[in-house]
Amino acid sequence: MNQQQRELLAELVKGWPTAMQFDVSMASYSTLRAGGKAAALIDVYSLADLRFFLEQLHEEQLVFRVIGRGSNILVTDKGFPGVIIRLKGEFEQIELAEDARRGDVVQEGPLLKVGGGCSLARFLSWCTQQGLAGLEFMTGIPGSVGGAVRMNAGALGGEIGDRLQSLVLLDGQGKIITVPRSDLHLSYRKAELADKDLDALIIAFACFVLRPDTQEEIRSRCAGLLAQRKGKQPAGVASAGSFFKNPSGDAAGRLIEAAGLKGHCCGEAMVSPVHANFIVNTGKGTVTDILNLMELVQDRVFQKFAVRLEPEVEII
C-alpha cells in the first residue's frame with residue numbers, strides 16, 4: 001500500500017465513527033496476544049458504507065480481510081499488506097426476520113437475522129432472554145457469528161450450521177449475494193459453496209431458525225455445558241481455543257498428549273498442561289514462538305501416529 005493509497009483511504013472514511021489506522025500491530029486484535037502488522041485497519045458500521053468501501057478497495061486493487069473477535073487468527077511476522085476490516089454497528093445487531101421460510105431446518109421457530117460481527121456470547125445471551133434454544137452448545141466459545149459460520153464452529157456434537165437458514169454475503173466489489181443453506185456444503189469446521197470461494201466473501205448477516213424453550217431450561221443447559229468444560233480447558237491465559245482440527249476418528253488433544261507434548265514450550269508459547277489442543281501464550285510469546293511450536297507438534301504427532309494435524313487457527 002503506497003502513500004497515495006493511504007491518503008485516499010483516510011479521506012474515504014472521514015466522518016465515520018472511527019478513523020482508519022495504519023501499521024497496526026495485530027497482537028492487540030488476536031486472543032493469542034501475538035501478531036504481525038496490518039497495513040491498515042478500519043471498523044465499518046453499516047452495510048452501505050461497507051459496500052462503498054469494498055468498491056474503492058477493488059478499484060485500488062487493495063486486498064482485505066474481515067476479522068471477528070480475533071479468537072481464531074494469527075497474522076505472521078510478514079504482516080498483512082491490505083486492510084483489516086472489523087464489522088461493527090449494524091453488523092452486531094440481532095433482529096427477527098420477516099421471511100417465514102425455514103429452508104432445510106426442520107424445527108419450527110422464529111427466523112433470526114444476525115450480523116456477522118455480533119459476538120457469540122451476545123447472541124446466546126439474547127436468545128436466552130427471548131426463550132430461543134438450539135445453540136447452547138456454543139456456550140463459552142469466543143468469536144463472532146460470521147467467523148463461527150465460516151468455519152462451521154461447534155462443540156459437544158453440535159455445529160452452528162445445524163441451525164443456519166441462509167447467508168447474506170458481499171463479494172469483493174460490494175455486491176450482495178443471498179445464499180440459502182441448501183447451497184452450502186457444511187462439514188467438520190468447514191463451510192463451502194459449490195460455485196464460489198467463501199473465503200473471498202464477507203458474511204454480512206446469517207439467518208438462523210431456533211426453537212422456543214423456557215429461559216430456565218436454556219440457562220440450565222448452558223450452565224451444565226460450562227461445568228463440563230470447567231477445569232478441562234485453560235483459563236485466564238491468551239489462547240485461540242482449540243488450535244488444531246480433530247483428525248477423522250480421533251482427537252487432536254489426545255494425540256498431542258500421547259506424543260508427550262503437554263507443557264512443552266517454544267519461547268513463551270506452550271502446549272497447555274490442562275488441554276493439549278490449546279497453545280497458550282504465557283507472556284510475551286511471539287508469532288515465531290507459536291508457529292515453531294505448531295510445527296513441532298505437527299512433526300511429533302506425525303512421527304508417532306502418521307497423522308498430520310491441520311491448524312484450526314487461520315494463519316494470515
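## A friendly tour of a predicted model

Modeller: Let's start with strand S17, residues 238-242: 4 of its 5 residues are buried, so the strand is largely enclosed by the rest of the structure. Buried means under 20% relative accessible area, exposed over 50%, and partly exposed in between, with a 1.4 Å probe and protein chains only. Strands (E, at least two residues) and helices (H or I, at least four) are DSSP runs, numbered from the N terminus. This is a predicted model, where local features need pLDDT of at least 70, side-chain atom pairs count only at pLDDT 80 or more, and totals for chains, interfaces and linings use all residues. Residues are numbered from 1 along each chain as its sequence is written, and side-chain values use heavy atoms, leaving out hydrogens and water.

Biologist: Which residue in S20 stands opposite Ser 242?

Modeller: S17 and strand S20 (residues 278-281) run antiparallel and are joined by 3 bridges. Two strands pair if DSSP finds at least two bridges between them. Opposite Ser 242 in S20 stands Phe 278.

Biologist: Which helix gives the most to the largest nonpolar core?

Modeller: A nonpolar core is a set of buried Ala, Val, Leu, Ile, Met, Phe, Trp, Tyr and Cys residues joined through side-chain atoms within 4.5 Å. The largest one has 33 residues, and Phe 123 and Met 138 are among those with the most contacts inside it. Several elements each supply at least two residues, including helix H4 (145-150) and helix H3 (120-130). The one that gives the most, with 5 residues, is H3.

Biologist: What is the phi of the residue that follows H3?

Modeller: Within H3, the buried residues include Phe 123, Trp 126 and Cys 127. Their cover includes H4 and helix H5 (215-229). H3 is followed by Gly 131, whose phi is positive, near 70°.

Biologist: How far apart in space are Met 1 and Pro 81?

Modeller: Met 1 lies in the segment before helix H1 (3-12), and it is partly exposed, with a relative accessible area of 28%. It touches Pro 81, Gly 82 and Val 83, among others; contact means heavy atoms within 4.5 Å. Met 1 and Pro 81 are 80 residues apart in sequence, yet C-alpha to C-alpha their distance is 6.6 Å.

Biologist: Which side chain of opposite charge is nearest to Lys 88?

Modeller: Lys 88 sits in the loop between strand S5 (80-87) and S6. Lys and Arg count as positive and Asp and Glu as negative, with His and the chain ends not counted. A salt bridge needs a side-chain nitrogen of Lys or Arg within 4 Å of a carboxyl oxygen of Asp or Glu. Lys 88 is buried yet has no salt bridge, and the nearest side chain of opposite charge, 4.2 Å away, is Glu 92.

Definitions and conventions. Lists of a residue's contacts leave out its neighbours within four places in sequence.
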